[in-house]
Amino acid sequence: MTATEYKAGSNLEKILAAGTFAVTGECGPPKSADGSVIEDKAKILKGFVDAVNITDNQTAVVRVCSMVSGYQAQQNGLEAIMQMTCRDRNRLAMQADILGASVLGIKNILCLTGDHMSFGNHPEAKGVHDLDAINLIKMYKDMRDEAKFQCGEDMAVAPRLYIGCAENPFGDPFEFRALRLRKKVEAGADFMQTQCIFNVPKFKKWMEEVRAIGLHKEVKILAGITPIKGAGMANYMKKFVPGMDVPQEIVDRIAAKEKGAAQQAEGKALAVEMIKEIAEIEGVAGVHMMAVEWEPAVPEIVEAAGLLPRPAVA
Amino acid sequence: MITADRKPLDEIIALVGDNKKVLVAGCDTCVAICLTGGEKEAEILASELRIKAEQDGRAVEVEHTAAIRQCEWEYLDMIAGKVEAADVVVSMACGIGIQSMAEKFAPKIVVPAVNTNMLGMPQEHAVWLERCGACGECVIGETAGICPVVRCSKSLMNGPCGGSHDGKCEVTTPEKEDIDCAWALIWERLKSQGREEMMYINRPPKNWSKSSSGGPRKMVREEAKPV
């Protein structure tokens, strides 16, 4: 594939287009004007992931914006996947921001609905929700492919974007979940990342549905992996994080170890096992490592899973 | 119907301020049906205001009345005498009624005794649920008669978000009660109608200019205007 045939020409796109098993990571920007946090996280992950999600006010908590943090990650040698939620911006802001991000050299974008305001630190905020994630994907696709704004007006220079989306195989109604991904693919998604997978049998069942409608051939699917740092975290995710499916045996397995280093080691071992099992599933094009505030665990897990070295992309 | 919740007594007293002659005005339409602002509730509030004033040693005269509908000029004419005699009107109507009262009797001070909260329906006795966002472009013909604009916490137009679990929304009400996931309801009802393929359609961005985002709305029915 030549440079002009790529949609955006990002590392991530090239790796996935080549059929190489991809590894993406995740960086949460800080809750202050501290410019060193993303730089430090980027140094930890550089060379161990192909690109890194930069979260957008994740869990509806105010942080440094994903555009600036994404730019910072790229300045530090780590390709960004800029997240964009429909919660905080209307269609004007979402188009303005993607043009700005494109000018700054950001090529991967992840289109999300966003966690509801009620979960975050400003529960009294007005939610925007002008578009939903499917509308957002389509809008960016039309900007890229047709050089048109959502209103239909032409633009002189179209942004080059590799468009991603998320899907939760553990959300309900389960029988609609693969069909919802199809809607996103029809809207223009190039790649998708799943919610954190802990229930592997259910994820396999969802992948069966995905393959049954041929979606694995139309969109690059990256399976979400979150190493569990301890039994407390496992319990918290099981009980309080929306859309999370953490089987009791996973909680029990971590809790059986001594609190601290032993639980962390078990969490990492579990992540490695899951990556190996999931990589065998037909249609899985890579993994998305979401080590929430535990970035230093990622290099070790990726290495133990046999995913190093990461390919150098021209 | 339009539903409303009564404000706390202290807030109403603060709104009344130093005014001596107070008229509590109920409305016998929507807010009476939701047991918040009808004549009976106006009488109760008037009593509460009198008792509190006496306890606090303030000399205040409190009357009460009710209009059949505070949102229509003709019905306001029927209580004009009582309104003119008061220093302040404490209206228990919805936001429309309160504003009609304030406009009709300007510069009379009119203050709200209720918080208007939704276009809802009584699900069971004394329980109301939001059903319509008055968005100006109804889509429920495609969503099995269930409104995603107000019944989905994120007003999604293309199916449930990842936070839908066991038919429930990821959001809970401020009273910490479960909310049904609108899109789970839509999916089930469309299936029961044999029309689930309606969920497969990608709906374009909604035209919010027909909602309050387009500025205050005005409706004119030319054919109904007096000749």
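Select B:Val88 and B:Ile109 in this predicted model. B:Val88 stands opposite B:Ile109, which belongs to strand β5 of chain B. Now widen the selection to residues 109-112 of chain B, the whole of β5(B), and add β4(B): the two strands run parallel and are joined by four bridges.

Stay on β4(B), residues 88-91 of chain B. Which residues lie on each of its faces? B:Val88 and B:Val90 are on one side, B:Val89 and B:Ser91 are on the other, and all of them are buried, so both faces of the strand are covered.

Next, add residues 21-27 of chain B, which form strand β2. This strand also runs parallel to β4(B), with four bridges between them. To find the register, pick B:Val24, which has B:Val90 of β4(B) opposite.

Now show residues 95-104 of chain B, helix α6. Together with β4(B) and β5(B), helix α6 makes a β-α-β unit, and the unit is right-handed. In the loop between α6 and β5 of chain B, select B:Pro107. The peptide bond that leads into B:Pro107 from B:Ala106 is cis, with omega near 10°.

**Other stops in chain B**

Go to residues 80-85 of chain B, helix α5, where B:Ala80 is found. B:Ala80 has a relative accessible area of 19% and is therefore buried, the limit being under 20%. For a distance check, draw a line from the C-alpha atom of B:Ala80 to that of B:Ala67: the two are 13 residues apart along the chain and separated by 9.9 Å.

Then select B:Ala144, in the loop that connects β7 (127-132) with α7 (148-151) of chain B. Phi of B:Ala144 is near 55°, a positive value in a residue other than glycine. With 6% relative accessibility, B:Ala144 counts as buried.

Show the side chains of B:Lys206 and B:Trp208. The charged end of B:Lys206 sits over the ring of B:Trp208, 5.5 Å from the ring centre. Another arrangement of this kind involves both chains: select A:Arg182 and B:Tyr200, where the charged end of A:Arg182 sits over the tyrosine ring, 5.2 Å from its centre.

**Chain A as a whole**

Colour chain A by secondary structure to see 11 helices and eight strands. Its C-alpha trace spans about 60 × 40 × 40 Å along the principal axes. How does the radius of gyration of chain A agree with that of a compact globule? For 314 residues such a globule would have a value near 20 Å, and chain A has 19 Å, which agrees. Of these 314 residues, 56% count as buried.

Two backbone details are worth selecting here. A:Asn57 is in the loop between β2 (51-54) and α3 (66-75) of chain A. Its phi is near 45°, positive although the residue is not glycine, and at 18% relative accessibility A:Asn57 counts as buried. The other detail is A:Pro309, in the segment after α11 (297-304) of chain A. A cis peptide bond joins A:Leu308 to A:Pro309, with omega about -5°.

**Charged pairs**

Over all chains, a search of the structure finds 37 salt bridges. One to display is B:Glu222 with B:Lys225, whose closest N and O atoms are 3.9 Å apart. B:Glu222 is exposed at 54% relative accessible area, whereas B:Lys225 is partly exposed at 46%.

Several salt bridges share partners and join A:Lys7, A:Lys141, A:Arg144, A:Asp145 and A:Asp190 into one network. Within this group, zoom in on A:Lys141 and A:Asp145, with closest N and O atoms 3.3 Å apart. The two are separated by about one helical turn because they are four residues apart in helix α5 (residues 133-146) of chain A. Both residues are partly exposed: A:Lys141 at 25% and A:Asp145 at 39%.

Move on to A:Lys148 and A:Asp154, a salt bridge with a closest N to O distance of 2.6 Å. A:Lys148 is partly exposed at 32%, while A:Asp154 is exposed at 56%.

**Last stop: an aromatic pair**

The structure holds four aromatic pairs over all chains. One of them is A:Tyr236 with A:Phe240, a tilted pair with centres 5.3 Å apart and planes at 45°. These residues are four apart in helix α8 (residues 231-240) of chain A, which means about one helical turn between them. A:Phe240 counts as exposed, at 54% relative accessibility.

Technical notes
Residues numbered from 1 in each chain as written. Chains lettered and ligands numbered in written order. Predicted model: local features only at pLDDT ≥ 70, side-chain atom pairs only at ≥ 80, totals over all residues. Heavy atoms only, no water. Buried < 20%, exposed > 50% of the residue type's maximum accessible area, 1.4 Å probe, protein only. Pairing = 2+ DSSP bridges. Right-handed = clockwise from strand over helix to strand, strands pointing away. Salt bridge = Lys/Arg side-chain N within 4 Å of Asp/Glu carboxyl O. Phe/Tyr/Trp six-rings, centres within 6.5 Å; stacked < 30°, edge-to-face > 60°. Lys NZ or Arg CZ within 6 Å of the ring centre and 35° of its normal. Rg over C-alpha atoms; globule rule 2.2 N^0.38 Å.
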